Amino acid sequence: MQPLDGITVVEFGTYVAAPALGNMLGMLGAEVIKVEPPGGDPTRSVTPWSWANYNCNKKSVCLNLKTSAGLEIFRRLLKQSDVLVESASPRAIRELRIDYRSTRKINPGIIYCSIKGFASDSSSANRLGFDSIAQAEGGLMYVVRGEGMKPSRVGNPCVDLGAAGFGLIAILSSLLRKPRRGDFIEIPLYDVVVYWNGYWFPYIDLNQREPVDLGTSHPGFAPYGVYSTNDGHVFIGVLSDGHWERLAEKIGLPPERRFRSVRGRNEARDEIDGILQKTISAMKSSEVLSLLGDDVPCARVNSLSDIYANHELRERGVVRRVTHGRAKLSIVLPPLSRSLLRPVRMTDTPLLGSDTMRVLTRLGYHRDTLIKLRDDGVIE
């Protein structure tokens with residue numbers, strides 16, 4: 001038994017946010033029915049690596065919601081489901097009349113989770129929004145830039161995945177409510193980034209200015225950042241006076257009195273960075289990490305290939321292999337409790353419409369009707 005055995009989820013969304021949320025619900029035992037348009041989720045062909053990562057453990061039902069018959073099937077499916085996860089555009093939801101108010105007339109007990117670019121009660125409610133839009137408007141592109149650099153996008157769908165995580169928390173909370181009832185959950189991508197950047201709001205209140213040129217530096221600590229070695233890069237983050245004392249001792253930095261306090265090091269940030277960089281540039285990354293060991297926070301700056309080659313991740317079951325078409329691909333499981341993920345039997349990504357007939361038969365459609373719906377282009 002898994003926590004969500006007996007729970008049926010309809011997933012109506014493409015790309016990453018809704019699929020990642022549906023993927024986690026499936027791993028926790030829910031039956032996840034992914035409703036795809038004719039031709040399927042674009043990630044099947046455009047970004048197959050994304051498709052493989054976030055669409056295992058699901059059933060695929062292909063419906064043409066631009067037809068009245070397709071919409072009727074979708075509504076019947078919602079009537080017999082516990083949760084709807086959707087990330088369609090606000091316009092599409094309005095035109096199809098599958099907003100929460102309409103949906104709860106069909107199923108008063110449904111938990112409706114909507115992932116959008118912007119909140120429905122904001123002035124940007126009708127705008128199209130996705131991960132990079134939220135990164136830009138929410139300030140994430142601003143805080144990842146270094147000195148002299150233009151704002152830059154984080155190179156993975158972190159906002160989509162963050163939204164999926166918050167959606168999972170909200171859905172599980174609704175399922176646990178006693179007595180259980182219908183609920184509307186809204187996760188705006190913009191709000192996700194603003195929540196992350198809320199870390200800096202009190203800083204602005206206290207200093208009457210925003211932090212600048214963050215990149216890998218931090219206005220509260222020094223030295224704190226990425227330093228070049230003779231074969232790569234390492235990150236070192238000194239969070240306390242004790243860290244500094246051990247760093248200075250092990251690397252051989254000047255034991256100057258003015259560097260012994262956080263305030264003194266922050267005031268001499270550029271000088272310390274210069275001294276540390278000069279010392280480390282002649283060393284190998286492995287040598288720096290070996291010297292500092294567990295005494296000073298430090299890390300090698302790994303490439304994606306470095307992480308991919310980490311056998312420990314596969315031994316721990318964090319990375320698993322699934323089939324996508326004829327290819328075997330590596331996917332990464334979400335960092336949920338091992339006791340929850342250990343019994344998960346990963347199923348391969350579904351072929352487009354592979355479960356349409358079975359699911360619709362369960363809804364009460366007869367074989368002759370299904371054949372006609374397929375011939376009419378309503379289902380695939």
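**Exercise 1. R269 and its surroundings**

Task: Find which residues R269 contacts, leaving aside its neighbours within four places in sequence. Then find which side chain of opposite charge is nearest to R269.

Solution:
- Step 1. Note that the model is predicted.
- Step 2. Leave out the neighbours within four places in sequence. R269 is then in contact with H218, P219, G220, F221 and A222.
- Step 3. Place the residue. R269 lies in helix α13, which covers residues 269-280.
- Step 4. Look for a partner. The nearest side chain of opposite charge belongs to D273, 5.6 Å away.
- Step 5. Apply the cut-off. A salt bridge needs a side-chain nitrogen of Lys or Arg within 4 Å of a carboxyl oxygen of Asp or Glu. R269 has no salt bridge, yet it is buried.

**Exercise 2. Another residue of helix α13**

Task: Q277 is in helix α13. Which backbone oxygen does its side chain reach? Is Q277 buried or partly exposed?

Solution:
- Step 1. Follow the side chain. Q277 reaches the backbone oxygen of S228 at 2.8 Å.
- Step 2. List the contacts beyond four places in sequence. For Q277 they are Y227 and S228.
- Step 3. Check the accessibility. Q277 has 23% relative accessibility and counts as partly exposed.
- Step 4. Take a distance across the model. Q277 and A136 are 141 residues apart in sequence, and their C-alpha atoms are 32 Å apart in space.

**Exercise 3. Salt bridges around α11, α12 and α13**

Task: Characterise the salt bridge between D241 and R265, then the one between R258 and E271.

Solution:
- Step 1. Start with D241 and R265. Their side chains meet in a salt bridge at 3.1 Å, N to O.
- Step 2. Place both ends. D241 is in helix α11 (residues 241-251) and R265 is in helix α12 (residues 262-267), so the pair ties together parts 24 residues apart in sequence.
- Step 3. Compare the burial of the ends. D241 is partly exposed, with a relative accessible area of 31%. R265 is buried, at 1%.
- Step 4. Turn to R258 and E271. Their closest N and O atoms are 2.6 Å apart, in a salt bridge.
- Step 5. Place this pair too. R258 sits in the loop between α11 and α12, E271 sits in helix α13, and the two are 13 residues apart.
- Step 6. Check the accessibility. R258 is partly exposed at 39%. E271 is partly exposed at 34%.

**Exercise 4. A salt-bridge network**

Task: Which residues are linked with K34 and D41 in a network of salt bridges? How many salt bridges does the structure hold?

Solution:
- Step 1. Take the pair. The side chains of K34 and D41 meet in a salt bridge at 3.2 Å, N to O.
- Step 2. Check burial. K34 and D41 are both buried.
- Step 3. Extend the set. E11 and K58 are linked with K34 and D41 in a network of salt bridges.
- Step 4. Give the total. The structure holds 17 salt bridges.

**Exercise 5. N23, C56 and the cysteines**

Task: Which backbone oxygen does the side chain of N23 reach? How many disulfides does a search of the whole structure find?

Solution:
- Step 1. Place N23. This residue lies in helix α1, residues 17-27.
- Step 2. Check burial. N23 is buried, with 3% relative accessibility.
- Step 3. Follow the side chain. N23 reaches the backbone oxygen of C56 at 3.4 Å.
- Step 4. List the contacts beyond four places in sequence. N23 touches N53, Y54, N55, C56 and K58.
- Step 5. Test C56. The closest cysteine sulfur, in C62, is 19 Å from the sulfur of C56, so a bond is ruled out. C56 is buried, at 0% relative accessible area.
- Step 6. Test C158. The closest cysteine sulfur is in C113, 18 Å away, and that is too far for a bond. C158 counts as buried at 18% relative accessibility.
- Step 7. Conclude. The search of the whole structure finds zero disulfides.

**Exercise 6. The whole chain**

Task: How many helices and strands does the protein chain have? What share of its residues is buried?

Solution:
- Step 1. Count elements. The chain has 19 helices and eleven strands.
- Step 2. Take the burial. Of the 380 residues, 44% are buried.
- Step 3. Take the surface. The chain exposes about 20200 Å², and carbon and sulfur atoms supply 53% of it.
- Step 4. Take the box. Along the principal axes, the C-alpha atoms fill roughly 85 × 45 × 40 Å.
- Step 5. Sort contacts by sequence separation. Among those between residues at least 6 apart, 68% join residues at least 24 apart.

Terms used. Residues are numbered from 1 along each chain as its sequence is written. This is a predicted model: local features need pLDDT of at least 70, side-chain atom pairs count only at pLDDT 80 or more; totals for chains, interfaces and linings use all residues. Side-chain values use heavy atoms; hydrogens and water are left out. A disulfide is a pair of cysteine sulfur atoms within 2.5 Å. Buried means under 20% relative accessible area, exposed over 50%, partly exposed in between (1.4 Å probe, protein chains only). Helices (H or I, at least four residues) and strands (E, at least two) are DSSP runs, numbered from the N terminus. A polar contact is a pair of N or O atoms within 3.5 Å; within protein, one must be able to donate a hydrogen and the other to accept it, and residues adjacent in sequence count only if both atoms are side-chain atoms. Contact means heavy atoms within 4.5 Å. Lys and Arg count as positive and Asp and Glu as negative; His and the chain ends are not counted. Accessible areas come from the Shrake-Rupley method with a 1.4 Å probe; for residues, only the protein chains shown count as cover.
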